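Visitor: I am new to this structure and would like a close look at its interior. Could you take me through the empty spaces inside, and then through the helix contacts and unusual backbone spots?

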Amino acid sequence: MALSGLRKIAASQTLLINEQSQLLEKNGATVVRFGFGQSPFPPPENVIAALQHYAYRKDYSPVQGLPELRQAVAAFHQRTDRLEVTEEQVLIGPGSKMLIYAFLACFDKMRVLVPAPAWVSYAPQARMLGHEVLAIPTSFAARWRVTPDALQQVLRRELQDSRPTCLILNYPGNPDGLTYDRKALKELAEVARQHGLWVISDEIYGQLHHQGKHRSIARYYPERTLVTGGLSKWCGAGGWRLGTALLPATKERGIRATMLGVASETYSCAPTPVQMAAITAYSDAALEKDYCQPQREILSLLGKECVHRLTKAGVQLHAPEGGFYLFPDFEPFRKQLAARGIKSSDALCHALLHEAGVALLPGSAFGMVETSLTARLAYVTFDGIAALEAERANPGGAQLTAVIAPVYEGIERITTWLEGM
Ligand SMILES: Cc1ncc(COP(=O)(O)O)c(C=O)c1O
């Protein structure tokens, strides 16, 4: 019997698929795990050394974050994305997920516009806070991007009262690996300004733009954009829990104080030793070339090759521009799949796991309609330490090919499964 009064909040699907894969493996099966989106790369050595060195720093730090770190983060964004941010605007927290939640918690009743597809946690977070969630449809043809037209349409239909409205954008994107160009960002900024929207710009994969050309919407709409980032992806340190938020540059007072209020009443501060290590990560400009660049080369090469192989097999997908995800659409196989009773992304991923031994996450977990035949593929099933070493020694060479081979094995499992249909 369900416990009375218990809220309906399920564990994130990303974590569940990992558990299912583990169970199959325990029973002797081999599973290529494309389900869990964790960076395969190790944090930079000097950043690990800093964390070890500062383990003794046991005191709470200021709620907003250590001043030296806030300075380093502001300087980092001025240097890498040409954002005009001050250290006063920087808020440090235990992961950007928590900072997104804290921002949403600043408002009483809000409309939250979430693209479909989008990362799994936005909608549940908004609902937990009692906000209304509205989906913005996208399409394969529009590269799964929010278009100004689609945004205008939703706004025209839904903006009937004075509740605040927040648009969430994520680029390079999870689950699609795609981003927005300058023109698209400017157009979206214009629509946002016209309607006074708040924007959460989740740029956690910004440093992993494959060409190193990430650009933030905050350049065009600084007054109401919250930019989130952190060490989880570009520094391979998800478990360290260090997130950053750049607060909107609004002249309206209150956002900063409210965010700090939410922070102080919930998590208090990010771990102090991790903040000390993060100072090194954000200040060492050499990491851009020695650490980020090889990661980008590997992810770009691997992403393109996976797309090439899957496209050749008849799957619909776009080559990724950043991060480490692909969002294959098996729509061209709808008829054959339906003949086998597979009519949803859930059924598709179930079959891929149990028949092909490949774990992908269903498009439905990212807000796609049940009948969509999309799935998210995280191409990170390789040894990141060995890959970085190989890339540094001989960029794109045979040694790297050998290290990333497990990813191709998974792709082959998918294409062989499709051939057999
Ligand atoms: C799009 C997106 N945003 C935010 C996060 C959470 O990042 P953090 O570890 O900083 O909380 C993730 C993690 O998977 C993500 O994919």
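Guide: What follows is a walk through the cavities, then the backbone, then the places where helices pack together. Please keep in mind from the start that this is a predicted model.

Let us begin with the empty spaces. A general remark helps here: rolling a probe the size of a water molecule over the atoms shows where empty space is left. In this structure there are three cavities of 30 Å³ or more, and the largest cavity has a volume of about 130 Å³. Its lining is made up of 15 residues, of which Phe-76, His-77, Glu-203, Gln-207 and Gly-229 are the closest to its centre. Two elements, α3 (67-80) and β7 (225-230), each give two or more residues to the lining of the largest cavity, and β7 gives the most, with four residues. Sorted by class, the lining of the largest cavity holds five nonpolar, eight polar and two charged residues.

The second largest cavity has a volume of about 90 Å³. It is lined by 15 residues, and those closest to its centre are Pro-115, Pro-117, Ala-118, Arg-145 and Asn-170. Strand β5, which covers residues 165-170, gives the most to the lining of the second largest cavity, with three residues. By class, the lining of this second largest cavity divides into 10 nonpolar, three polar and two charged residues.

One residue from that lining leads us on to the backbone. Pro-117, which is among the residues closest to the centre of the second largest cavity, is joined to Ala-116 by a cis peptide bond, with omega at about 10°. As for its place in the chain, Pro-117 lies in the loop between β3 (111-116) and α5 (122-128). Another cis peptide bond joins Asn-174 and Pro-175, and there omega is about 25°; Pro-175 is found in the loop between β5 and α7. A further backbone feature belongs to Arg-143, which has a positive phi of about 55° although it is not a glycine. Arg-143 sits in the loop between β4 (132-137) and α6.

That loop brings us to α6, and with it to the helix contacts. Helix α6 (residues 148-158) packs against helix α7 (residues 182-195) at an angle of about 20°, with their axes 9 Å apart. Since angles under 35 degrees count as roughly parallel, α6 and α7 are therefore roughly parallel to each other, and their crossing is right-handed. From α6, the residues Pro-148, Leu-151, Gln-152 and Leu-155 meet Glu-187, Leu-188, Val-191, Gln-194 and His-195 in α7. The residues of the contact of α6 with α7 comprise five nonpolar, three polar and one charged.

A second pair is formed by helix α2 (residues 45-53) and helix α9 (residues 272-283), which pack at an angle of about 150° with their axes 8 Å apart. That angle makes α2 roughly antiparallel to α9, and the crossing of α2 and α9 is, once more, right-handed. Here Asn-46, Val-47, Ala-50 and Leu-51 in α2 meet Pro-273, Val-274, Ala-277, Thr-280 and Ala-281 in α9. The contact of α2 with α9 has seven nonpolar and two polar residues, and no charged residues.

The last pair to look at is helix α4 (residues 96-104) with helix α8 (residues 255-265), where the packing angle is about 120° and the axes lie 9 Å apart. The two helices α4 and α8 are therefore oblique to each other, and the crossing of α4 and α8 is right-handed. On the α4 side the residues are Leu-99, Ala-102 and Phe-103, and they meet Ile-255, Met-259 and Val-262 in α8. In this contact of α4 with α8 there are six nonpolar residues, with no polar and no charged residues.

How values were computed. Residues are numbered from 1 along each chain as its sequence is written. This is a predicted model: local features need pLDDT of at least 70, side-chain atom pairs count only at pLDDT 80 or more; totals for chains, interfaces and linings use all residues. Side-chain values use heavy atoms; hydrogens and water are left out. Axes are lines fitted to C-alpha atoms, for helices over the stretch in contact, and angles run from 0 to 180 degrees between N-to-C directions. Angles under 35 degrees count as roughly parallel, over 145 as roughly antiparallel, 65 to 115 as roughly perpendicular and the rest as oblique. A crossing is left-handed if the near helix is turned anticlockwise from the far one by less than a right angle, and right-handed if clockwise. Contact means heavy atoms within 4.5 Å. Ala, Val, Leu, Ile, Met, Phe, Trp, Tyr, Cys and Pro count as nonpolar, Asp, Glu, Lys and Arg as charged, and the others, Gly among them, as polar. On a 1 Å grid over the protein atoms alone, a cavity is a set of points where a 1.4 Å probe fits but cannot get out, and a pocket is an open set with protein on both sides within 12 Å along at least five of seven lines; lining residues have an atom within 4 Å of a point. Grid points are joined across faces, edges and corners, and a volume is the space filled by probe spheres set on the points.
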